[in-house]
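Trainee: Got a minute to go through this one with me? I'd like to start with the overall picture and then get into the charged side chains.

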Amino acid sequence: MRYAIFAAVVLSLSACAPRPSKIEPIMPDPSFAQIPCNRVLPKLRAEEAELARLVAAQERAMTQDAASVAIIGVPLGSMTGANKKDELAKAKGKVEALRKKQDACG
């Protein structure tokens with residue numbers, strides 16, 4: 001019985017939303033960085049704003065998951081679509097690509 005409870009807790013925790021800092025970037029396709037240098041900075045600012053929004057949403061999902069697992073044993077944030085892991089990974093990749101492009105532009 002103890003093992004079944006332990007297994008259930010481990011499975012519940014493994015389904016929780018990860019910390020934003022633990023999510024690795026997914027680089028966009030190479031054509032994304034082909035934008036002209038004069039458009040890099042505005043695009044970078046917009047993507048950084050989107051990244052900040054997604055980080056905040058992911059932190060809320062993480063908090064919701066932790067609270068709901070503690071109370072009912074189920075990560076409700078992740079189950080209701082609050083987990084933004086994939087979107088956050090893509091946004092991180094876009095920001096990273098745009099920063100590299102900005103460095104290349106000088």
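Trainee: Among contacts between residues at least 6 apart in sequence, what percentage join residues at least 24 apart?

Mentor: That's 84% in this chain, where a contact means heavy atoms within 4.5 Å. Keep in mind that this is a predicted model, where local features need pLDDT of at least 70, side-chain atom pairs count only at pLDDT 80 or more, and totals for chains, interfaces and linings use all residues. Residues are numbered from 1 along each chain as its sequence is written, and side-chain values use heavy atoms, with hydrogens and water left out.

Trainee: OK. How many helices and strands are there?

Mentor: The chain has 4 helices and 0 strands, so along the sequence you read α-α-α-α. Those are DSSP runs, numbered from the N terminus: helices are H or I with at least four residues, strands are E with at least two.

Trainee: And how much of the chain is buried?

Mentor: 29% of the 106 residues. Buried means under 20% relative accessible area, exposed is over 50%, and partly exposed is in between, using a 1.4 Å probe and protein chains only. The chain exposes about 7100 Å², with 60% of that from carbon and sulfur atoms; the areas come from the Shrake-Rupley method with a 1.4 Å probe, and for residues only the protein chains shown count as cover.

Trainee: Switching to charges: how many salt bridges do we get?

Mentor: The count is 6. The rule wants a side-chain nitrogen of Lys or Arg within 4 Å of a carboxyl oxygen of Asp or Glu.

Trainee: Which residue does glutamate 47 pair with?

Mentor: Lysine 43, with the closest N and O atoms 3.4 Å apart. Both sit in helix H2 (residues 37–72), 4 residues apart, about one turn of the helix.

Trainee: Are those two buried or exposed?

Mentor: Glutamate 47 is buried at 9% relative accessible area, while lysine 43 is partly exposed at 32%.

Trainee: Where else is there a pair about one helical turn apart?

Mentor: Look at helix H4 (residues 85–105), where lysine 100 and glutamate 96 are 4 residues apart. Their side chains meet in a salt bridge at 3.6 Å, N to O, and glutamate 96 is partly exposed at 31%.

Trainee: What does lysine 84 form a salt bridge with?

Mentor: Glutamate 87, the closest N and O atoms being 3.9 Å apart. Lysine 84 is partly exposed at 21%, and glutamate 87 is partly exposed too, at 40%.

Trainee: Last one: which residues are linked in a network of salt bridges?

Mentor: Arg45, Glu48 and Arg99.
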